Amino acid sequence: MAIMWMAFSGAALDAEKEDSLRTNSFFQEFPRVSLVALLRVIFYFTKDDSQRRIAETLKLSRSLVSRICRRLQDMCSVDLQQRPIIPFGGAAAVVKCDESKFNHTAKVNLKYFLIL
């Protein structure tokens with residue numbers, strides 16, 4: 001026989017409405033998609049899987065996956081603008097930059113920069 005004990009603060013007991021995890025977050029933008037599906041899309045997005053493969057794996061429509069990934073790309077772009085990456089490397093360091101996640105170009109369009 002299991003006994004469960006939970007402690008609540010007075011404020012928690014007086015609260016009339018609990019906020020959803022979706023409230024004021026990325027998840028609020030996709031109310032008809034389960035949180036599990038959204039988290040899985042985010043997971044595959046971070047693993048650099050193609051949108052087609054994500055859609056097939058999770059059995060979601062390609063247009064939905066495209067909208068979710070586009071929103072994730074926008075959020076990443078805003079974050080990079082607000083918190084720029086501190087330059088690294090040194091004299092004559094070659095840095096390879098893959099921008100395909102942000103501007104929908106093929107990965108063959110890698111840009112090389114010579115930092116002096």
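These legends go with a set of close-up views of a predicted model.

**View 1. The whole chain, as a warm-up.** Let's start with the parts list: the protein chain has five helices and two strands. Walk along from the N terminus and the elements come in the order α-α-α-α-β-α-β. The chain has 116 residues, and buried ones make up 19% of them. About 9600 Å² of the chain is exposed, with carbon and sulfur atoms supplying 58% of that area. Now take the contacts with a separation of 6 or more: residues 24 or more positions apart account for 35% of them.

**View 2. Helix α2 packs against helix α4.** A quick tip before we zoom in: two packed helices are described by the angle between their axes and the distance between the axes. Here α2 covers residues 35-46 and α4 covers residues 62-82. They pack at an angle of about 60°, with their axes 11 Å apart. Angles under 35 degrees count as roughly parallel and 65 to 115 as roughly perpendicular, so α2 and α4 are called oblique to each other. Their crossing is right-handed. Who touches whom? From α2 come Leu-38, Val-41, Ile-42 and Phe-45, and they meet Ile-68, Cys-69, Leu-72, Gln-73 and Cys-76 of α4. Sort the residues of this contact by class and you get eight nonpolar, one polar and no charged.

**View 3. Helix α2 also meets helix α3.** Slide over to α3, residues 51-58. The axes of α2 and α3 come within 10 Å and cross at roughly 145°. This crossing is right-handed. On the α2 side, look for Ala-37, Arg-40, Val-41, Tyr-44 and Phe-45; on the α3 side, look for Ile-54, Thr-57 and Leu-58. The tally for this contact is six nonpolar, one polar and one charged. If Val-41 and Phe-45 ring a bell, that's because they turn up in the α2 contact with α4 and in the α2 contact with α3.

**View 4. Helix α3 against helix α4.** Which way do these two lie: parallel, perpendicular or oblique? Their packing angle is about 125°, and their axes are 9 Å apart. That makes α3 and α4 oblique to each other. α3 passes α4 in a right-handed crossing. The contact brings together Gln-51, Arg-52, Ile-54, Ala-55 and Glu-56 from α3 with Arg-62, Val-65, Ser-66, Cys-69 and Gln-73 from α4. By class, that's four nonpolar, three polar and three charged residues. You've met some of these names already: Ile-54 is listed in the contact of α2 with α3, while Cys-69 and Gln-73 are listed in the contact of α2 with α4.

**View 5. Asn-24, a loop residue with a positive phi.** Asn-24 sits in the loop between α1, residues 10-14, and α2. Its phi is near 55°, a positive value in a residue other than glycine. Is Asn-24 buried or exposed? Exposed means over 50% relative accessible area, and Asn-24 has 71% relative accessibility, so it counts as exposed.

**View 6. Asp-48, another positive phi in a loop.** Look in the loop between α2 and α3 and you'll find Asp-48. Its phi is near 65°, again positive in a residue other than glycine. Partly exposed residues fall between the 20% and 50% cut-offs, so Asp-48, at 46% relative accessibility, counts as partly exposed.

How values were computed:
Residues numbered from 1 in each chain as written. Predicted model: local features only at pLDDT ≥ 70, side-chain atom pairs only at ≥ 80, totals over all residues. Heavy atoms only, no water. Axes fitted to C-alpha atoms, helices over the stretch in contact; angles between N-to-C directions. Helix = DSSP H or I, 4+ residues; strand = E, 2+ residues; numbered from the N terminus. Parallel < 35°, antiparallel > 145°, perpendicular 65-115°, else oblique. Left-handed = near helix turned anticlockwise from the far one by under 90°. Contact = heavy atoms within 4.5 Å. Nonpolar A, V, L, I, M, F, W, Y, C, P; charged D, E, K, R; others polar. Buried < 20%, exposed > 50% of the residue type's maximum accessible area, 1.4 Å probe, protein only. Areas by Shrake-Rupley, 256 points an atom, 1.4 Å probe, with all protein chains shown as cover.
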